[in-house]
Amino acid sequence: MPLVDLKGKIGLPLKLNGSKLVFGKGMKETAVDTRVRERMLPVLKNPSSSAPSGFYYMYRDVCLEKDRAKIRANNLRFDITILPPFKVGDEYNKTFGHFHPKVQGTNTWYPELYEVVHGHAHYLLQNGSEFLVFDARPGDKCLMIPGFAHITVNPSLSETLVMANWVYPGFNSDYAPIEKNGGAEWFETTQGFVPNTKYSKNTPVKIISPREFSEFGITKKPMYPEAMKAPKKFAWLSKPQDFSSKFSKYLTQ
């Protein structure tokens with residue numbers, strides 16, 4: 001399988017080798033955290049179906065070494081996640097899914113910003129009253145809206161998904177609610193979205209396109225170099241309580 005050069009799409013000297021990253025000049029190789037099949041079993045539609053041992057691969061705190069101090073000083077972390085293309089039974093490969101906690105002493109949850117680098121992504125967001133599906137392609141940015149759980153699906157059986165994210169590193173994600181309910185409200189399968197019957201109700205699926213985030217200073221350019229040029233414009237990741245009115249605009253009615 002030929003190497004895929006990701007530099008033009010992500011702004012870092014990285015290549016994709018199958019489901020692994022190859023690190024280029026100016027970078028230290030980052031250890032990979034693999035989400036294995038055994039851990040995914042509680043949230044699968046078809047847990048008894050055969051599946052690869054690794055579902056997805058997470059590289060946290062990825063950066064050029066010259067940028068590391070700046071990133072930490074601005075309370076940021078840049079991650080890359082890779083989801084190979086396969087299905088488990090009829091369900092597409094996905095991430096486990098989780099909620100972010102609230103900022104201590106406030107009523108605002110921490111957000112996250114995702115970017116598709118290579119492949120095709122469906123970002124599933126749910127909060128009990130809405131179930132949103134962002135249909136995203138390379139270059140698209142997707143806001144993980146405060147208060148929503150989010151799950152990423154690779155809706156392809158032929159193309160690897162590579163996505164990046166900027167996030168505040170000072171919290172731990174909460175996987176328990178998704179695990180308790182056996183996954184999201186809906187399973188995405190080759191036949192479409194199938195309701196998860198462990199929920200008392202299944203909010204209608206609403207497929208939406210990625211949006212522009214002009215309020216947050218986000219452009220169509222790769223978000224790693226944009227953050228290195230002006231890291232202060234990403235302060236909403238660590239202090240979302242100061243941007244509540246802006247986040248409310250991205251809730252659908």
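Is Glu65 buried, partly exposed or exposed in this predicted model? Glu65 counts as partly exposed, because its relative accessibility is 27%. The legends below treat this residue and its partners, then other charged residues, the open and closed spaces, and two prolines.

**View 1. Glu65 and Arg68 form a salt bridge.** The closest N and O atoms of this pair are 2.6 Å apart. Arg68 is buried, with a relative accessible area of 16%, whereas Glu65 is partly exposed at 27%. Both residues belong to a network of salt bridges that also links Asp61 and Arg72. The structure as a whole holds twelve salt bridges.

**View 2. Asp90 is joined to Lys45 by a salt bridge.** Their closest N and O atoms are separated by 3.1 Å. Asp90 sits in the loop between β7 (87-88) and β8 (91-92), and Lys45 in the loop between α2 and β5, so the contact ties together parts that are 45 residues apart in sequence. Asp90 counts as buried, since its relative accessibility of 19% is under 20%. Lys45, at 27% relative accessibility, counts as partly exposed.

**View 3. Arg37 is a buried residue without a salt bridge.** Arg37 lies in helix α2, which spans residues 37-40. The nearest side chain of opposite charge belongs to Glu38 and is 4.9 Å away. A salt bridge requires a side-chain nitrogen within 4 Å of a carboxyl oxygen, so the 4.9 Å to Glu38 does not qualify. What does the side chain of Arg37 reach at 3.1 Å? The partner is the backbone oxygen of Ser49.

**View 4. The largest pocket holds about 410 Å³ of space.** Its lining consists of 27 residues. Arg60, His98, Glu112, Ser173 and Tyr175 are the ones that lie nearest the centre of the pocket. Several strands contribute at least two lining residues each: β5 (54-59), β6 (77-83), β9 (112-118), β13 (149-153) and β14 (161-167). Strand β6 supplies the largest share, four residues. By class, the lining of this pocket has twelve nonpolar, ten polar and five charged residues.

**View 5. The largest cavity encloses about 40 Å³ of space.** Rolling a probe the size of a water molecule over the atoms shows where empty space is left. In the whole structure, a search finds two cavities of 30 Å³ or more. Which residues line the largest cavity? They are Phe99, His100, Trp109, Tyr110, Met144, Ile145, Gly147, Phe148 and His150. Six of these lining residues are nonpolar and three are polar, with no charged residue in the set.

**View 6. The second largest cavity has a volume of about 30 Å³.** The residues around this cavity are Glu91, Lys94, Leu124, Ile151, Ala184, Trp186, Phe187 and Glu188. Strand β15 (residues 186-189) gives the most to the lining, with three residues. Five of the lining residues are nonpolar and three are charged, and there are no polar ones. Among the charged residues of the lining, Glu91 and Lys94 form a salt bridge with each other, their closest N and O atoms being 2.7 Å apart. Both Glu91 and Lys94 are buried.

**View 7. Pro13 is found in a loop.** This loop runs between α1 (7-10) and β2 (14-17). Pro13 is partly exposed, with a relative accessible area of 21%. How far apart in space are Pro13 and Gly26? Their C-alpha atoms are separated by 8.1 Å, and the two residues are 13 residues apart in sequence.

**View 8. Pro2 lies in the segment before β1 (4-5).** Pro2 is exposed, because its relative accessible area of 65% is over 50%. The C-alpha atom of Pro2 is 8.1 Å from that of Gly18. Along the chain, Pro2 and Gly18 are 16 residues apart.

Terms used
Residues are numbered from 1 along each chain as its sequence is written. This is a predicted model: local features need pLDDT of at least 70, side-chain atom pairs count only at pLDDT 80 or more; totals for chains, interfaces and linings use all residues. Side-chain values use heavy atoms; hydrogens and water are left out. On a 1 Å grid over the protein atoms alone, a cavity is a set of points where a 1.4 Å probe fits but cannot get out, and a pocket is an open set with protein on both sides within 12 Å along at least five of seven lines; lining residues have an atom within 4 Å of a point. Grid points are joined across faces, edges and corners, and a volume is the space filled by probe spheres set on the points. Ala, Val, Leu, Ile, Met, Phe, Trp, Tyr, Cys and Pro count as nonpolar, Asp, Glu, Lys and Arg as charged, and the others, Gly among them, as polar. Buried means under 20% relative accessible area, exposed over 50%, partly exposed in between (1.4 Å probe, protein chains only). Lys and Arg count as positive and Asp and Glu as negative; His and the chain ends are not counted. A polar contact is a pair of N or O atoms within 3.5 Å; within protein, one must be able to donate a hydrogen and the other to accept it, and residues adjacent in sequence count only if both atoms are side-chain atoms.
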